[in-house]
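The following exercises concern one protein chain and its three-dimensional model. Please attempt each task before reading the worked solution.

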Amino acid sequence: MARNVIQFGFDSATANRHGEGTLKAAVAVVKVLQSWGVRHIYGIPGGSINSLMDALYVERDRIDYIQVRHEEVGAMAASMHAKYTGHIGVCFGSAGPGGTHTLNGLYDAREEHVPVLALIGQFGTAGLNLDTFQEMNENPIYADVAVYNRQVSTAAQMPHVVDEAIRQAYAKKGVAVVQIPVNLGWEDVDENEWYSSAGSFRRFPHPALDRNDIAAAVDILNTAERPVVFAGIGTRGSGDSVIELCRRIKAPLANTGISFDIFPSDFEALLGSPNRVSTKPSVEVFPEADTVLFVGNNYPFAEVSNLFANVKRFVQIDIDPSRLGKRHHADVSILGDAGDAVRAICEQVDEKPSTAWWRANVANVANWNRYVRALEKKTDGDLQLYQVYDAINEFAENDAIFSIDVGDVTQTSIRHLHMNPAQMWRTSSLFATMGIGLPGALSARLDFPDRQVWNLAGDGGFSMTMQDLATAVQYGLAIINVVFSNNQYGFIKDEQEDTNLGYLGVHFTGIDFAKLAESMGAVGYTIREISEVHGVFEQAVRDVRAGKVVLIDAKISGDRPLPAEMMEIEPSLYPPERIARFRDRYEAWDLEPLSSFLRKEGLHARVERIEQGGF
């Protein structure tokens with residue numbers, strides 16, 4: 001690699017590096033990228049993108065081209081780069097299939113509102129509109145995914161359009177696409193005709209808070225008997241303030257999966273997330289709550305699951321005015337940064353003594369955590385994913401970065417990774433595309449070369465992008481890849497159990513992933529017994545510290561993780577034999593419903609059948 005340390009910022013020297021003479025238009029484009037702080041770009045070369053390849057060759061000492069094995073991986077890596085850093089991710093694809101392969105990663109970026117630029121090749125201008133080989137009208141292909149979507153028509157336009165695309169991607173928090181006829185990149189442009197606006201870029205300041213809205217929220221929270229704080233991604237960077245408010249008003253804290261890494265796992269009132277990617281305490285709390293403080297949150301299952309059906313008062317904080325009132329009628333709407341608003345409320349709200357509501361929820365969280373830890377600490381029986389997570393927790397460094405694939409691993413990582421806010425956790429939270437674990441890990445290792453990086457994936461998701469394990473080896477990106485192998489699409493199988501006539505398309509032939517890793521030049525390990533777990537992870541960590549790419553193929557059981565969104569342990573709702581079957585299947589003999597803790601505190605329990613699947 002050209003550099004060992006990646007810096008995310010704007011390079012005003014590059015933006016102003018003009019002189020007399022000419023340069024190739026594609027080189028001017030690459031210089032624009034550099035001026036915006038872009039340090040690596042993902043893609044695969046092709047005839048219709050080769051003028052950009054020439055420019056990357058010319059500028060190879062100042063920007064790193066990362067050769068992926070599939071354009072989808074490049075786009076996913078660019079999207080995950082934006083999620084990890086807030087900085088624009090950049091990918092490219094040649095005309096036709098190279099470009100369309102990027103769409104999965106581009107849609108992932110669109111759904112999570114992160115800035116990504118895609119440069120798409122096009123046949124040269126002499127062949128446009130003649131049905132030439134791989135020549136097509138590409139603009140409509142990207143119309144839905146992009147906030148900015150243009151094809152350049154002259155060489156002189158190229159640096160200006162790319163500069164505009166980056167500005168728009170940042171300003172509108174989305175995907176920008178630029179299609180470039182290949183011949184234009186080889187044409188000369190005057191060095192003094194192009195410029196970058198990177199040095200002029202500014203982020204919007206936080207909106208000023210309305211004091212009347214803050215006061216109205218304080219009034220509601222002061223009188224709430226059963227408050228819950230439901231925090232989303234907007235609270236990133238303000239986790240301590242949210243916890244301080246929770247302690248002050250005695251409100252347990254629910255969080256979305258996407259905000260999982262904002263709060264320490266050992267916070268005694270951390271409920272977790274409701275619905276499908278869920279934890280039991282969070283699923284149970286909303287039917288019993290009377291007040292919700294909805295902070296920096298755009299929870300996509302709110303309406304379809306009727307999550308807030310029993311809530312009497314709803315206070316929302318969001319920096320985007322278009323989201324205020326979007327998920328539920330708001331009694332008070334606060335426009336502003338989540339952290340600013342939480343701190344303003346905290347300064348004015350009354351501090352409550354310990355309440356029965358608080359104690360019941362803290363006890364429920366503790367009961368759930370004991371259940372989770374008991375699964376992780378098992379020493380006999382079949383190898384389950386829980387014991388693998390126990391080793392990950394043991395060997396993960398204090399500032400480890402986790403790239404999480406989609407499926408059961410999304411749900412179980414939220415339950416079984418015991419994290420702190422110095423660590424990072426990212427996945428495809430809203431688009432939920434399988435295969436994103438490995439691309440995210442590639443990006444994380446490039447972005448943070450001195451930090452430990454994990455890719456956690458099921459065998460279904462990993463199989464979608466596993467060819468790019470070779471990319472990690474090629475660039476010396478020492479990543480720990482953990483593949484949970486049980487020869488099934490576990491999450492989808494669970495859905496079919498709940499909704500379908502039977503299982504179809506959810507089982508597949510297994511792969512020896514350790515041998516696959518070795519064939520690509522990585523180190524491969526296979527675990528089949530609980531007794532093997534600790535030793536393998538201990539050696540894997542040593543290998544990564546020595547600069548090796550590691551894959552651990554954990555051959556786990558096909559056990560379904562407990563469906564917290566459809567609990568069957570409430571005696572007033574289910575007969576004893578059904579409760580017993582549920583407890584036996586999920587090893588949940590010591591789990592108690594929230595209602596039991598409420599009653600122990602002298603509180604009425606509403607006790608409703610909970611089904612928060614949302615599908």
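**Exercise 1. The nonpolar cores**

Task: In this predicted model, determine which residues of the largest nonpolar core touch the most other members, and state which element gives the most to this core.

Solution.
Step 1. The largest nonpolar core has 51 residues, and those that touch the most other members are Tyr42, Leu106, Val177 and Phe462.
Step 2. Next, list the elements that give two or more residues to this core: the helices α4, α6, α16 (437–447), α18 (469–474) and α20 (513–519), together with the strands β5 (116–122), β7 (175–181) and β17 (453–458).
Step 3. Among these, α4 gives the most, namely eight residues.
Step 4. A second core, separate from this one, has 50 residues, including Val283, Phe402, Val482 and Ile530.
Step 5. For a closer view of the largest core, take Leu106. Apart from neighbours within four places in sequence, Leu106 is in contact with Ala75, Cys91, Val116, Ala118, Tyr142, Val145, Val175 and Val177.
Step 6. The general background is that nonpolar side chains tend to be buried together in soluble globular proteins.

**Exercise 2. Salt bridges**

Task: For the salt bridges Lys24–Asp188, Glu112–Lys83 and Lys555–Asp553, classify the partners as buried or partly exposed, using under 20% relative accessible area as the criterion for buried.

Solution.
Step 1. The whole structure holds 30 salt bridges.
Step 2. In one of them, Lys24 and Asp188 meet with an N to O distance of 3.0 Å. Lys24 belongs to strand β1 (residues 22–24) and Asp188 to strand β8 (residues 188–190), so this pair ties together parts 164 residues apart in sequence. Lys24 has 36% relative accessibility and is therefore partly exposed; Asp188, at 48%, is partly exposed.
Step 3. Between Glu112 and Lys83, the closest N and O atoms are 3.2 Å apart. Glu112 is in helix α6 (residues 103–112) and Lys83 in helix α4 (residues 71–85), a separation of 29 residues. Glu112 is buried at 13%, and Lys83 is buried at 9%.
Step 4. Between Lys555 and Asp553, the corresponding distance is 2.8 Å. Lys555, at 22%, counts as partly exposed, whereas Asp553, at 0%, is buried.
Step 5. Salt bridges also form a network that links Asp494, Glu497, Asp498, Arg560 and Arg585.

**Exercise 3. The surroundings of Tyr371**

Task: Establish where Tyr371 is found and with which residues Tyr371 is in contact, leaving aside neighbours within four places in sequence.

Solution.
Step 1. Tyr371 is part of helix α13 (residues 356–376). With a relative accessible area of 9%, Tyr371 is buried.
Step 2. Its contacts, with those neighbours left aside, are Leu562, Tyr586, Glu587, Ala588 and Leu591.
Step 3. A polar atom of the Tyr371 side chain lies 2.7 Å from the backbone oxygen of Tyr586.
Step 4. Tyr371 and Asp590 are 219 residues apart along the chain, yet 7.2 Å separates their C-alpha atoms.

**Exercise 4. An open sheet**

Task: Give the order of the six strands in the open sheet and identify the edge strands.

Solution.
Step 1. The order is β11-β10-β9-β12-β13-β14, with parallel pairing.
Step 2. β11 (270–272) and β14 (332–335) each pair on one side only, which makes them the edge strands.
Step 3. From one strand to the next, the twist averages 20°.
Step 4. Strands β12 (residues 291–295) and β13 (residues 313–318) are joined by five bridges, and Phe294 stands opposite Gln316 of β13.
Step 5. Finally, helix α9 (residues 211–223) lies across β12, β13 and β14, and runs at about 135° to β14.

How values were computed. Residues numbered from 1 in each chain as written. Predicted model: local features only at pLDDT ≥ 70, side-chain atom pairs only at ≥ 80, totals over all residues. Heavy atoms only, no water. Salt bridge = Lys/Arg side-chain N within 4 Å of Asp/Glu carboxyl O. Helix = DSSP H or I, 4+ residues; strand = E, 2+ residues; numbered from the N terminus. Buried < 20%, exposed > 50% of the residue type's maximum accessible area, 1.4 Å probe, protein only. Core = buried A, V, L, I, M, F, W, Y, C linked by side-chain atoms within 4.5 Å. Contact = heavy atoms within 4.5 Å. Polar contact = N/O pair within 3.5 Å; in protein donor to acceptor, adjacent residues only side chain to side chain. Pairing = 2+ DSSP bridges. Axes fitted to C-alpha atoms, helices over the stretch in contact; angles between N-to-C directions.
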